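This explanation goes from the chain as a whole to a metal site, and then to a few pairs and single residues. Keep the sequence and the 3D view open while reading.

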Amino acid sequence: MSIQYMVAIKDTHAHIFKVVLTLKNPNSLGQVFSLPNWIPGSYLIRDFAKNIISIKAKSHHHQIPIKKFDKNHWITYPCENVLSIEYEVYAFDLSVRSAYLDNERAFFNGSSLFLLPLGFESDLCELNIKSTNQNQTLGNWSCVTGLTTLSNMNFIVHNYQNLIDHPVEMADFTRLEFDARGISHKRAITGKHNADIKRLAKDLVIICTHHIDFFNGAIPFDESLFLTLVRTNAYGELEHKNSSSLICSRKEMPVLNEHNIIPEYTRFLALCSHEYFHAWWTKTIKPASFHQLDLNTESYTQQLWIFEGFTSYYDELSLLRTQILTPKQYLTFFAQNPP
Ligand SMILES: [Zn+2]
């Protein structure tokens, strides 16, 4: 049994995604759906449900009532066999933790787009993204995500928790690929930039190899993806098990024909290092209270000083250990950028 999700770009100017969820054998007493109130890695209540601007339910081609009964839960009128929920999501949050859509880019975390049918937490999830090429206004957009691909624009994942740990980016982005210790790594860079891609790939191989060796070669993913949005002046980062979402300033990207390491580029490499380190430290080794997350409510822990603190310490130290920075450069950077 699986939960099937379909995502389509409804209106880039109004920033609206359309989502259709199809469920077999819903609860015959009335099916309850929820949307997360926060996303792992960004530890604040966010109220993503406020962005669902319309919703309707159908069973056997007949519309049935659906009612929102608290901040992030809906219940349908009882029905049998098959239920489909069609809804629209407003997506105009230019951060790494939610969803964004305009005529240059589409980005989403599943925690902003995918309702969870209660009682189906362990079921397979299938995702179909409607081809962006059907819309002439989108130019040469491609799609990239760490989800397992079934076929073109069809993805599968073994449960809802995993589904929402894979952000999706669609845009006309720059691709970068490299291997570290035999593992395939990809990077998609969206936004206007003039970066020295070869230098970036060379430095990332060094950093990723360092982290893999630091954790004794026990790699918690089959491949890794960095999503990067370049803006004039911006910053953001969110870790996932086999990917990460970053937002950086254009001046932080490495410049062609500049061979020295400037503080801005150091900051960007430290950010990449930080998110990659999290694949082990927070996404694999984590506080006990994070093992069965309840995304409806706060999940308190006293241990973020270990998980975020150690990650912040090692993100920069690894630049020294790999000799990307000299001891003097490291100490200067450390003094100017206290963790
Ligand atoms: Zn962190």
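The accessible surface of the chain comes to about 15,900 Å², and carbon and sulfur atoms account for 50% of that area. The model is a predicted one. Of the 339 residues in the chain, 53% count as buried. Along the principal axes, the C-alpha atoms fill a box of roughly 70 × 45 × 35 Å. The radius of gyration of the chain is 21 Å, which agrees with the value near 20 Å that a compact globule of 339 residues would have.

The secondary structure consists of 6 helices and 21 strands. How do the contacts spread along the sequence? Among those between residues at least 6 apart in sequence, 67% join residues at least 24 apart. Several of the pairs described below link parts of the chain in this way, beginning with the metal site.

Which residues hold the zinc ion? Its protein donors are H274 and H278, each through NE2, and E308 through OE. These donors lie 2.1 Å from the zinc ion. Along the chain the donors follow the spacing H-x3-H-x29-E. Within this set, H278 and E308 link distant parts of the chain, being 30 residues apart. H278 belongs to helix α4, which covers residues 263–278, while E308 belongs to helix α5, which covers residues 304–321. The two residues also differ in how they are covered. H278 has 0% relative accessibility and therefore counts as buried. E308 has 22% and therefore counts as partly exposed, since the limit for buried is under 20%.

Between these two helices runs a loop, and P287 is found in the loop between α4 and α5. Is P287 buried or exposed? With 1% relative accessibility, P287 counts as buried. Apart from its neighbours within four places in sequence, P287 is in contact with T301, Q303 and F307. To place P287 against a residue far away in the sequence, take Q4: the two are 283 residues apart in sequence, and their C-alpha atoms are 31 Å apart in space.

The next topic is charged pairs. How many salt bridges does a search of the whole structure find? The search finds 8. One of them joins E88 and K10, with the closest N and O atoms 2.4 Å apart. E88 lies in strand β8 (residues 82–90) and K10 in strand β1 (residues 2–11), so this pair ties together parts that are 78 residues apart in sequence. E88 has a relative accessible area of 17% and is buried, because the limit for that class is under 20%.

Another salt bridge is formed by the side chains of E223 and K186, at 4.0 Å from N to O. Here E223 lies in strand β19 (residues 223–231) and K186 in strand β18 (residues 183–190), so the pair ties together parts 37 residues apart in sequence. E223, at 35% relative accessibility, counts as partly exposed. K186 is also partly exposed, with a relative accessible area of 27%.

A further salt bridge brings the description back to helix α4. R267 pairs with E252, and the closest N and O atoms are 2.7 Å apart. R267 is in helix α4, whereas E252 is in the loop between β21 (243–249) and α4. The pair links distant parts of the chain, 15 residues apart. R267 is partly exposed, with a relative accessible area of 34%, while E252 is buried, with 4%.

Two residues remain to be described for their backbone. H15 has a phi near 65°, a positive value in a residue other than glycine. H15 lies in the loop between β1 and β2 (16–24), and it is buried, with a relative accessible area of 13%. Where does M153 lie? M153 is in the loop between β14 (148–151) and β15 (154–157). The phi of M153 is near 65°, again a positive value in a residue other than glycine. M153 counts as buried at 13% relative accessibility.

Methods:
Residues numbered from 1 in each chain as written. Predicted model: local features only at pLDDT ≥ 70, side-chain atom pairs only at ≥ 80, totals over all residues. Heavy atoms only, no water. Donors = N, O, S within 2.8 Å, 3.2 Å for Na, K, Ca; no water. Helix = DSSP H or I, 4+ residues; strand = E, 2+ residues; numbered from the N terminus. Buried < 20%, exposed > 50% of the residue type's maximum accessible area, 1.4 Å probe, protein only. Contact = heavy atoms within 4.5 Å. Rg over C-alpha atoms; globule rule 2.2 N^0.38 Å. Areas by Shrake-Rupley, 256 points an atom, 1.4 Å probe, with all protein chains shown as cover.
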